[in-house]
Amino acid sequence: MKTTVGEVLTRIASTRAVPTGPLCEMCAAGIGDEHQHVVDVQVRSLMCVCRPCYLLFAPVDADLRYKAVPDRYLEFPDFDLGPGRWESLEIPVGLAFFFRNSLLDKYIVFYPGPAGATESELPIDSFETVLAENPGLSQMRADVEALIASVPTSGQSPRCFVVPIDACYELVGRLRTVWRGFDGGQDAARAVDEFFGRVEARSRSA
């Protein structure tokens, strides 16, 4: 009996192994726990993707709805934050990350807390002053990279890095599980130190 093309395709589909782990949110291929991300610029969300889908959106200068999140870590050891500058940004804690939203053409700031990431209205004049005093920050890529800054209250120098934006959301998710009280408590402080330790190990000087 002659076998039709449809029957052959049905047989192939029925015998194909079904992925049991995470799936690419674009093509539904199986991906491992360690995978890459793209940003959906229109809805400001991260998508877990396989390597081929990631590469489709990797060109840096492409004007696309989806943008691949790069694996780049830059340290700014000479980051300049003058007296009162952090307070002028109206951020109530000593940790925040900033990124430029290309659709809105403005910078957005988030800071961690017990409910996750809180978005705050950024006094644009104050932040433009910070950018002007640190021109190297212009290397940051819109939508997919973020400036993350930690400003200790003990008089230590602030720590500043440009990191993939998915690393920031990973930190926020971790902090949400351990946050206690207003300032997060010791477990949150330990998680932040561990995060910056990994970032420092991966970073090159800008």
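How much space lies in the second largest pocket? About 590 Å³, going by this predicted model. The legends below start with the whole protein and then move in on its pockets, its cavity, one loop residue and a hairpin.

**Figure 1. The whole protein, with six helices and ten strands.** Here's the predicted model in full. Of the 206 residues in the protein, 40% are buried. Take the contacts with a separation of 6 or more: 56% of them are between residues 24 or more positions apart. The accessible surface adds up to about 12000 Å², and carbon and sulfur atoms own 52% of that surface.

**Figure 2. A close-up of the second largest pocket, with its 20 lining residues.** If you want to find the centre of this pocket, look for Glu-34, Tyr-73, Asp-166, Glu-170 and Arg-202, the lining residues that lie nearest to it. Three elements give two or more residues each to this lining: strand β1 (36-40), helix α5 (165-178) and helix α6. Sort the lining of the second largest pocket by class and you get ten nonpolar, three polar and seven charged residues.

**Figure 3. A close-up of the largest pocket, at about 760 Å³.** The lining of the largest pocket takes in 31 residues. Nearest the centre sit Gly-94 and the run of Ser-150, Val-151, Pro-152 and Thr-153. Which element gives the most to the lining of the largest pocket? That's α6, with five residues. Helix α6 spans residues 185-202, and both α6 and α3 (85-88) put at least two residues into this lining. By class, the largest pocket is lined by 17 nonpolar, nine polar and five charged residues.

**Figure 4. Zooming in on Pro-152, one of the residues nearest the centre of the largest pocket.** Pro-152 sits in the loop that runs between β8 (145-150) and β9 (159-164). Is Pro-152 buried, exposed or partly exposed? Its relative accessibility is 24%, so Pro-152 counts as partly exposed; the cut-off for buried is under 20%. Pro-152 and Gly-94 are 58 residues apart along the chain, yet their C-alpha atoms are separated by 6.1 Å. Leaving out residues up to four places away in sequence, Pro-152 touches Ser-157 and Pro-158.

**Figure 5. The one cavity of 30 Å³ or more in the structure.** Rolling a probe the size of a water molecule over the atoms is a way to see where empty space is left. The largest cavity has a volume of about 30 Å³. Its lining is made up of Leu-95, Ala-96, Phe-97, Pro-112, Ile-148, Leu-171 and Val-172. How do the residues of this lining divide by class? The count is seven nonpolar, no polar and no charged. Strand β5 (95-101) gives the most to the lining of the largest cavity, with three residues, and α5 also supplies at least two.

**Figure 6. The hairpin that joins β6 to β7.** Strand β6 covers residues 106-113 and strand β7 covers residues 116-120. The two strands run antiparallel, with five bridges joining them. One pair to pick out is Val-109 and its bridge partner in β7, Ser-120. How many residues does the hairpin go through on its way from β6 to β7? Just two residues make that link. Pro-112, which is among the residues that line the largest cavity, falls within the 106-113 stretch of β6.

Technical notes
Residues are numbered from 1 along each chain as its sequence is written. This is a predicted model: local features need pLDDT of at least 70, side-chain atom pairs count only at pLDDT 80 or more; totals for chains, interfaces and linings use all residues. Side-chain values use heavy atoms; hydrogens and water are left out. On a 1 Å grid over the protein atoms alone, a cavity is a set of points where a 1.4 Å probe fits but cannot get out, and a pocket is an open set with protein on both sides within 12 Å along at least five of seven lines; lining residues have an atom within 4 Å of a point. Grid points are joined across faces, edges and corners, and a volume is the space filled by probe spheres set on the points. Helices (H or I, at least four residues) and strands (E, at least two) are DSSP runs, numbered from the N terminus. Ala, Val, Leu, Ile, Met, Phe, Trp, Tyr, Cys and Pro count as nonpolar, Asp, Glu, Lys and Arg as charged, and the others, Gly among them, as polar. Two strands pair if DSSP finds at least two bridges between them. Buried means under 20% relative accessible area, exposed over 50%, partly exposed in between (1.4 Å probe, protein chains only). Contact means heavy atoms within 4.5 Å. Accessible areas come from the Shrake-Rupley method with a 1.4 Å probe; for residues, only the protein chains shown count as cover.
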